[in-house]
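Q: Could you walk me through the main pocket of this model? I'd like to know what surrounds it, and how the next pocket down compares.

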Amino acid sequence: VFANVDTWFEKPADLRDFRPPTNGWTINEVLEHISLTSHFLLILIDKAVTKALKNINNLSLTKELADYHFEKEKLDEVGLYKSFEWIRPEHMEPTGQVPLVQVRETIQTQLNRCLEHLQNMPNGEGVLYKTTMTVNNLGKIDVYEYIYFLAKHAERHIAQMERNESEYLQIQTDRIFGSLKTVAFMS
């Protein structure tokens, strides 16, 4: 997912700046939103990792893993654009004020933080702490599920950027064919 998100920074500027006719976000705004949302999710993930690793002394990892169920189906819905109502907090709205190069660096840093957390919990320690996630009524989810949620959120917006690109290309195609029809008519 992160590799796919990164490819969008290389798209032509006029495509990234294109605002869909529905007044949706531009690709640049979507990329900024991904970085903002990941920022706030990682604050929760960072705290949860610390607490999970402390809980290794208080909880039985073996027992927790024996009873473990990863909520993949409900989490996968997070990656599907418009699969459920999602009202994002205002602080996760893009402003357009952050330079794109900085947004890209932030997302790469966020990926590295996720990977570090996973490396620091190689034996399943992430199941030892759960935090409530209200999005899609997920309820209490563990650290691994939170990290998966973060990736699925980005995946959700990849679909949005793909739709922007399709709309942009359709408008460009319509302009070209419109011009060709005009030239043919004038001939």
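**A close look at the largest pocket**

A: Helix α7 contributes the most to the lining of the largest pocket, with seven residues. Helices here are DSSP runs of H or I with at least four residues, strands are E runs of at least two, and both are numbered from the N terminus. Bear in mind that this is a predicted model, in which local features need pLDDT of at least 70 and side-chain atom pairs pLDDT 80 or more, while totals for chains, interfaces and linings use all residues. Numbering starts from 1 along each chain as its sequence is written, and side-chain values rest on heavy atoms, without hydrogens or water.

The largest pocket holds about 460 Å³ (the space filled by probe spheres set on grid points joined across faces, edges and corners). Its lining has 20 residues, and Tyr81, Lys82, Arg88, His157 and Gln160 are the ones closest to the centre. Two elements, α3 (27-54) and α7 (143-186), each give two or more residues to this lining. A pocket is an open set of points on a 1 Å grid over the protein atoms alone where a 1.4 Å probe fits, with protein on both sides within 12 Å along at least five of seven lines; lining residues have an atom within 4 Å of a point.

By chemistry, the lining of the largest pocket splits into six nonpolar, nine polar and five charged residues. Asp, Glu, Lys and Arg count as charged; Ala, Val, Leu, Ile, Met, Phe, Trp, Tyr, Cys and Pro as nonpolar; the others, with Gly, as polar.

His157, one of the residues closest to the pocket centre, sits in helix α7. His157 counts as buried because its relative accessibility is 7%, and buried means under 20% with a 1.4 Å probe and protein chains only. Beyond residues up to four places away in sequence, His157 touches Trp25, Val30, His33 and Ile34, where contact means heavy atoms within 4.5 Å.

Now for the next pocket. The second largest pocket has about 220 Å³ of space. Of the 17 residues that line it, Trp86, Met92, Met133, Thr134 and Val135 lie nearest the centre. Here α3, β1 and α7 each supply two or more lining residues, and α3 gives the most, with four. The lining of this second pocket divides into twelve nonpolar residues, four polar and one charged, while that of the largest pocket has six nonpolar, nine polar and five charged.

Definitions and conventions. Buried < 20%, exposed > 50% of the residue type's maximum accessible area, 1.4 Å probe, protein only.
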